[in-house]
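Hi,

Here is the structure I said I would pass on. Have a look at it first, and my notes follow underneath.

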Amino acid sequence: VHALLLAGQHDRVLAVLTRASERGEDDRVWRAILHWFRYLKPTNREELEGLLDTVFKRYPALLRTTELAILFAYLHWRHAGFVRSYLEKWAASGDEYFEQLAGELTPLIAFLQPKLPWTKPLLEQVVFGPGTDSTRLGAINAAVNLFPDLECRERASELLVRVIPQISGVAWNNLFDVFRLVDEITPDPS
């Protein structure tokens with residue numbers, strides 16, 4: 001896979017991975033190569049998205065891996081609609097892990113790609129309405145970690161200020177992590 005990607009043979013990589021999916025490779029194989037999907041730019045985007053759907057259906061445990069979270073943090077640049085469909089499902093899943101993951105990825109995408117028309121409404125839905133403690137915890141984690149980036153600071157600050165009245169428990173610990181990540185926070189004169 002790596003050699004083919006280096007050679008720019010993205011469609012061939014997709015064909016190799018599709019055949020591996022059809023053979024039913026072990027889930028450990030998929031976990032090991034999951035990170036390579038972020039570099040894959042096949043001619044037909046839908047084929048890649050279909051392959052990922054197939055792999056995730058066959059090996060649902062992959063959805064709970066760090067590799068998957070990192071993949072989606074990259075994948076949204078070229079496959080925003082695909083990532084959105086998962087975020088919407090996860091936010092309403094009733095599963096704390098998936099809700100937190102949706103809460104983390106949604107602000108990340110909304111802050112980095114504000115021109116996507118669905119990011120603001122999805123952020124509102126995932127974090128504030130209806131939102132859960134888990135989605136809010138995820139949003140706090142994302143905003144706190146994006147706060148040091150000057151390009152994201154204003155949006156991160158706005159999200160944190162809005163979410164404060166709705167948080168409790170461990171979310172406070174995560175919120176105060178902003179002071180560990182940023183040396184100095186200058187108050188807004190307004």
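Let me start with N44, which touches D11 and L14 once residues up to four places away in sequence are left out. One thing to keep in mind throughout: this is a predicted model. N44 sits in the loop that runs between α3 (27-33) and α4. Its relative accessibility is 29%, so N44 counts as partly exposed; the cut-off for buried is under 20%, and exposed begins over 50%. For a sense of scale, the C-alpha atoms of N44 and R136 are 35 Å apart, with their positions 92 residues apart along the chain.

Now the overall picture. The chain has 12 helices and zero strands, so there is no sheet to look for: strands would be DSSP runs of E, at least two residues long. Its C-alpha atoms fill a box of roughly 60 × 35 × 30 Å along the principal axes. Of the 190 residues, 44% count as buried. The accessible surface is about 10,400 Å², and carbon and sulfur atoms own 54% of that. As for how the chain folds back on itself, take the contacts between residues at least 6 apart in sequence: 64% of them join residues at least 24 apart.

Next, α5 and what surrounds it. In this helix (residues 66-75), the buried residues are L68, A69, L71, F72 and L75. Looking down the axis of α5, they fall within an arc of 160°, so they line one face of the helix. That goes with the usual helix geometry: an α-helix has 3.6 residues a turn, so residues three or four places apart point the same way. The cover over the buried residues of α5 includes α4 (45-58), α6 (80-91) and α7 (96-112).

H79 belongs to this part of the tour as well, since its place is in the loop between α5 and α6. Is H79 buried or exposed? It is buried, with a relative accessible area of 2%. Apart from neighbours within four places in sequence, H79 is in contact with R45, L48 and E49.

Moving along to α8, you will find T119, L122, L123, V126, V127 and F128 buried. Among the elements covering them are α6, α7, α9 and α10. After α8 (119-128) comes the loop leading to α9, and P130 lies in it. Check the backbone there: the peptide bond joining G129 and P130 is cis, with omega at about 5°. In general, most peptide bonds are trans.

Last, the pair α9 and α10. The axes of α9 (residues 133-146) and α10 (residues 150-163) come within 9 Å and cross at roughly 145°. The crossing of α9 past α10 is left-handed. Which residues meet here? On the α9 side they are R136, A139, I140, A143, V144 and L146, and on the α10 side C152, R153, A156, L159, L160 and V163. By class, this contact has 10 nonpolar, no polar and two charged residues. R136, one of the α9 residues in that contact, is also the partner I used for the distance from N44.

If you only open a few places in the viewer, I would go for the cis bond between G129 and P130, the buried H79 and the contact of α9 with α10.

Cheers

Note on methods. Residues are numbered from 1 along each chain as its sequence is written. This is a predicted model: local features need pLDDT of at least 70, side-chain atom pairs count only at pLDDT 80 or more; totals for chains, interfaces and linings use all residues. Side-chain values use heavy atoms; hydrogens and water are left out. Axes are lines fitted to C-alpha atoms, for helices over the stretch in contact, and angles run from 0 to 180 degrees between N-to-C directions. Helices (H or I, at least four residues) and strands (E, at least two) are DSSP runs, numbered from the N terminus. A crossing is left-handed if the near helix is turned anticlockwise from the far one by less than a right angle, and right-handed if clockwise. Contact means heavy atoms within 4.5 Å. Ala, Val, Leu, Ile, Met, Phe, Trp, Tyr, Cys and Pro count as nonpolar, Asp, Glu, Lys and Arg as charged, and the others, Gly among them, as polar. Buried means under 20% relative accessible area, exposed over 50%, partly exposed in between (1.4 Å probe, protein chains only). The arc is that of the directions from the helix axis to the C-beta atoms. Accessible areas come from the Shrake-Rupley method with a 1.4 Å probe; for residues, only the protein chains shown count as cover.
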